[in-house]
Amino acid sequence: MKHLAPPELRKRIWGSLAAAAMGDALGAPTEQMSFEQILETFGGLVDRFYAPDESRPFSHGRKAGEVTDDSSQMIELCKAFLEAGTDRITVKHVVDALLRWAEDPEMFTRFAGPTTRQAIERLRAGEDPVSVGRSGITSSVGTSNGCAMKIAPAGLIHPGHLEDAVEDACTVCLPTHATQISMSAASAVAAGIAQALTPGANVYSVVQACLFGARLGEGRGRELGRTTPGPSVEARMEIAVELGLKAKNIEDACRLIGSYVGSGLHSAEAVPAAIGLFIAAKGDPFKTVVGAACIGDDTDTIATIAGSLAGALGGIDQIPKSLYDQLEELNHLGLEGLAEQLCDLALRLHPEINR
C-alpha cells in the first residue's frame, strides 16, 4: 500500500477538520429551514457566514461564523483519540470526551440532540455506558446522526486502514448510538475519510469506501448493539450517489437529494445526503459545504459530515483562507495544531507511512 508523505497527510487532516467546522458554521443559520426558504432568505446559496436570526430554534443569538455541537464534539473526540494514543480508543475515552463537552452549558442546553442528551443525563448518573447505548425500544432512539457528525478522527488517524477506522467508529457509537443504523452511518464516514488520505484517492474511491464502511458497520452494529427498525444506510447511500451523479449543479443536487433521500436528523438521511452532495460538488470542499448548508433541515450536521469527507480529499489548500481565518478568529479552534497531533498519532499507529 502506498502512503501520503507526512507533510501532505497533515494538510489533508487539517483540511478535513477545517471543512467540517466551516460547514457547521455555514449551516448554523439555515438549520430547520427548507431549501426554498434558504434561497429566499439569503438571496441564493449561503457561501459566507451569517448570524442566525431569532427564528432559528437552536442557534439564535449566536454570531456569524460560530460553530455548534457538531464540530465542537468532533474536536473533543479528537482529544479522546489523542489521549488513547497508540492504544485502541475505549468506551471510557468516548464517555469522558462527551461529558467534557457537556460541561459547556450553552452547548449542552442548546444543541445536544435527543439521543445524546438522554445518554449524557444517564451517564452523569453513573449508569453503565454500554447499557445506555443499547437501550431504547423505539426506532427514533439511537438512530440519529450524533455520532456520524463527530466521527472524523476515527478515519483521520487510520489513513488507508478502513477496517481500523470502522472498528473505532463503532466503539465511539457504543455509549450513545449503539444501533446498526448509527454504526453503519458513522462507519461509512470514517472509512471514506481513511480512504481519502491515500495517494490517488478520488471521489469514486472515497464513495466506494463509504459503501464498504456502511456494510461493515451495519454488521458490527448487529453484533455489538441493538437492532432497530429503519432504512439501510447503504441502500439510501446508493440512491444519493445516483442523484449526486445525475444533478446538473449543486442547487439541483439539493432539490433531488432533499426530495428523495431527505436531509433530517436520522442517520439514514444525513449521511447519504452528505455523500450525495460530495459527489455533486465533485469533491470540492467549499462547494460541498455550501451545498450541504443549503439543502435544508439538519444543515449544520450534514455540512459537517460532508466537509469532513471533502476536506480530507482536498486538503487545507482548497479551503478559502479568508473564511478559515474568520472561523479561527471567532472560535479559537486551534485546528492546525490539532491536525499536527493527529498526524503524529497516525504515523505512530501506522509506522509504514514513514517508509
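The following dialogue asks how the descriptions of this predicted model are justified.

Student: What kind of model is this, and how are its residues numbered?

Tutor: The model is predicted, with local features needing pLDDT of at least 70 and side-chain atom pairs counting only at pLDDT 80 or more, while totals for chains, interfaces and linings use all residues. Residues are numbered from 1 along each chain as its sequence is written, and side-chain values use heavy atoms, leaving out hydrogens and water.

Student: What makes up the protein chain in terms of helices and strands?

Tutor: The protein chain has 18 helices and zero strands. Helices (H or I, at least four residues) and strands (E, at least two) are DSSP runs, numbered from the N terminus. The C-alpha trace spans about 50 × 45 × 40 Å along its principal axes. Of the 355 residues, 63% are buried.

Student: Why is Asp 168 called buried?

Tutor: Buried means under 20% relative accessible area, exposed over 50%, and partly exposed in between (1.4 Å probe, protein chains only). Asp 168 has a relative accessible area of 3%, so Asp 168 is buried. Asp 168 is found in helix H9 (residues 162-173). Not counting residues up to four places away in sequence, Asp 168 touches Phe 81, Arg 88, Ile 89, Ala 154, Ile 157 and His 158. Touching, or contact, means heavy atoms within 4.5 Å.

Student: Why does Cys 170 count as buried?

Tutor: Cys 170 has 0% relative accessibility and therefore counts as buried. Cys 170 also lies in helix H9. With residues up to four places away in sequence left out, Cys 170 touches Met 183, Ser 187, Gly 217, Arg 220 and Leu 224. Cys 170 and Cys 147 are 23 residues apart in sequence, and their C-alpha atoms are 9.3 Å apart in space.

Student: How do you know that the length of H9 agrees with the expected span?

Tutor: The expected span of a helix is 1.5 Å times one less than its number of residues. For the twelve residues of H9 that gives 16 Å, and the end C-alpha atoms are 17 Å apart, so the two agree.

Student: What makes H9 mostly covered?

Tutor: Nine of its twelve residues are buried. The buried residues of H9 pack against H3, H4, H8, helix H10 (180-196) and helix H11 (203-224).

Student: How does H3 fare on span and cover?

Tutor: Helix H3 (residues 69-84) has 16 residues and reaches 22 Å from its first C-alpha to its last, close to the 22 Å expected. H3 is mostly covered, with 13 of its 16 residues buried. After H3 comes Gly 85, whose phi is positive, near 65°.

Student: Why is H1 called roughly perpendicular to H17?

Tutor: Two packed helices are described by the angle between their axes and the distance between the axes. Axes are lines fitted to C-alpha atoms, for helices over the stretch in contact, and angles run from 0 to 180 degrees between N-to-C directions. Angles under 35 degrees count as roughly parallel, over 145 as roughly antiparallel, 65 to 115 as roughly perpendicular and the rest as oblique. Helix H1 (residues 6-27) and helix H17 (residues 321-331) pack at about 75°, with their axes 10 Å apart. That makes H1 roughly perpendicular to H17.

Student: Which residues meet there, and how do they divide?

Tutor: Trp 14, Ala 18, Ala 21, Met 22 and Ala 25 in H1 meet Leu 323, Tyr 324 and Leu 327 in H17. The residues of this contact divide into eight nonpolar, no polar and no charged. Ala, Val, Leu, Ile, Met, Phe, Trp, Tyr, Cys and Pro count as nonpolar, Asp, Glu, Lys and Arg as charged, and the others, Gly among them, as polar.

Student: Why are H4 and H6 described as roughly perpendicular?

Tutor: Helix H4 (residues 91-102) and helix H6 (residues 114-124) pack at about 105°, with their axes 11 Å apart. H4 and H6 are therefore roughly perpendicular to each other. The residues of the contact of H4 with H6 divide into seven nonpolar, one polar and one charged.

Student: Why does Lys 282 count as exposed?

Tutor: Lys 282 has 69% relative accessibility and so counts as exposed. Lys 282 lies in the loop between helix H14 (267-280) and helix H15 (285-294). Lys 282 has a positive phi of about 55° although it is not a glycine.

Student: Why is His 332 called exposed?

Tutor: At 66% relative accessibility, His 332 counts as exposed. His 332 lies in the loop between H17 and H18, and its phi is near 50°, a positive value in a residue other than glycine.
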